[in-house]
Amino acid sequence: MFLDGARSALAAAEGAVARARATAGHGGGALHVATVTSLATWVLPRAVARWRPGHPDITLRITEFPDRRTLEAFMAGGEADVGIGPRPATWSGPVRGLGHERFVVVVPAADPRAGRAGIELQAFADQDWVLYAPDHGLSELVREACAAAGFTPRGVVETRQVDAAARLAAAGLGAALVPEPAVPNDLAANRVDLAAPPLREVVAYARAAFTPAAFGFVDLLAALDVGLTRPGGAVLT
């Protein structure tokens with residue numbers, strides 16, 4: 001009986017140690033990151049590639065959403081350890097700023113503004129636009145940016161993919177507003193850098209305190225050059 005009790009106590013102690021190590025990010029565990037599609041595609045991969053070798057025993061799960069509201073609802077339900085996305089309008093848990101997504105315009109190569117910088121967004125008021133589907137997270141941003149420039153974009157085609165928007169614009173269907181890191185290398189000549197580019201703040205947030213694994217991942221994401229615009233300071237390369 002004493003032996004059985006000792007074995008039970010030892011098993012309980014070992015389980016407690018394993019749980020503590022997992023919480024600290026050692027010896028197993030999981031990290032669930034929720035984000036929006038554009039960041040999952042263009043910003044997170046480099047951070048994941050750098051973070052993963054140092055945490056081989058932690059299972060990493062990434063869940064992506066097409067818009068910020070769905071992401072915020074998911075995080076409010078405590079479904080993930082950390083959310084990476086636009087800053088929520090209201091949030092009671094911890095929030096850490098990571099930088100801003102900077103947006104550029106993609107146009108056909110024949111457009112005289114292609115490859116130039118310092119162009120006002122208002123200069124694209126009279127031409128066709130490649131827009132995002134209404135339920136896409138960037139649809140609202142594009143319309144708000146154009147409204148601030150004094151016009152309503154004349155959409156001729158809609159897409160749910162940022163890469164498709166850039167390629168449709170380059171093919172001649174109109175102008176497209178896309179995150180700077182999302183412009184493929186082969187379309188660099190089609191890019192127009194705006195005089196006052198739209199910026200979307202990106203933050204990391206959680207319902208409660210960041211877990212140690214989430215804290216470490218956010219720290220790395222804040223240090224790496226992942227295509228976000230930051231006010232200054234050195235970044236890892």
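Accessible areas are obtained with the Shrake-Rupley method and a 1.4 Å probe, and for residues only the protein chains shown count as cover.

**Figure 1. Overview of the protein chain in a predicted model.** The accessible surface of the chain comes to about 11600 Å², and carbon and sulfur atoms hold 55% of that area. The chain contains 7 helices and 10 strands; helices (H or I, at least four residues) and strands (E, at least two) are DSSP runs, numbered from the N terminus. Of its 237 residues, 43% are buried, where buried means under 20% relative accessible area, exposed over 50%, and partly exposed in between (1.4 Å probe, protein chains only). Among contacts (heavy atoms within 4.5 Å) with a separation of 6 or more, 78% join residues 24 or more positions apart. Because the model is predicted, local features need pLDDT of at least 70 and side-chain atom pairs count only at pLDDT 80 or more, while totals for chains, interfaces and linings use all residues. Residues are numbered from 1 along each chain as its sequence is written, and side-chain values use heavy atoms, with hydrogens and water left out.

**Figure 2. Strand 1 and its two parallel partners, strand 2 and strand 3.** Strand 1 spans residues 30-36 and is mostly covered, with 6 of its 7 residues buried. Strands are said to pair if DSSP finds at least two bridges between them. Strand 1 is joined to strand 2 (residues 59-65) by 7 bridges in the parallel sense; at one position, His 32 stands opposite Arg 61 of strand 2. Strand 1 also runs parallel to strand 3, with 3 bridges between them. Here Val 33 has Val 82 of strand 3 as its bridge partner.

**Figure 3. Strand 9 and its pairing with strand 4 and strand 5.** Strand 4 (residues 95-106) and strand 9 run antiparallel and are joined by 2 bridges. Val 106 is matched with Arg 191 of strand 9 as its bridge partner. Strand 5 (residues 117-119) is parallel to strand 9, again with 2 bridges. On this side, Ile 119 stands opposite Leu 194 of strand 9.

**Figure 4. Asp 193 and Arg 102, two residues in contact.** Asp 193 belongs to strand 9, which covers residues 191-194, whereas Arg 102 is placed in strand 4. Why does Asp 193 count as buried? Asp 193 is classed in this way because its relative accessibility is 18%. Arg 102 is buried as well, with a relative accessible area of 17%. Beyond its neighbours within four places in sequence, Asp 193 is in contact with Arg 102, Val 104, Arg 116, Ala 117, Gly 118 and Ile 119. With residues up to four places away in sequence set aside, Arg 102 touches residues including Val 178, Glu 180, Asp 193, Leu 199 and Thr 229.

**Figure 5. The loop residue Gly 93, between strand 3 and strand 4.** Strand 3 (82-86) precedes this loop, and strand 4 follows it. Gly 93 counts as buried because its relative accessibility is 15%. Which residues does Gly 93 touch, not counting those up to four places away in sequence? They are Ala 206 and Arg 207. The C-alpha atoms of Gly 93 and Ala 208 are separated by 5.4 Å, although these residues are 115 residues apart along the chain.

**Figure 6. The largest cavity and its lining.** On a 1 Å grid over the protein atoms alone, a cavity is a set of points where a 1.4 Å probe fits but cannot get out, and a pocket is an open set with protein on both sides within 12 Å along at least five of seven lines; lining residues have an atom within 4 Å of a point. Grid points are joined across faces, edges and corners, and a volume is the space filled by probe spheres set on the points. The structure has 1 cavity of 30 Å³ or more, and the volume of the largest cavity is about 70 Å³. Among the residues that line this cavity are Val 36, Phe 65, Asp 67, His 136 and Arg 200. Helix 2 (37-42) and helix 5 (137-148) each contribute at least two lining residues.

**Figure 7. The largest pocket and its lining.** The space in this pocket is about 250 Å³. It is lined by 14 residues, of which Arg 68, Gly 137, Glu 140, Leu 141 and Arg 200 are the closest to its centre. Helix 5 gives the largest share of the lining, 6 residues.
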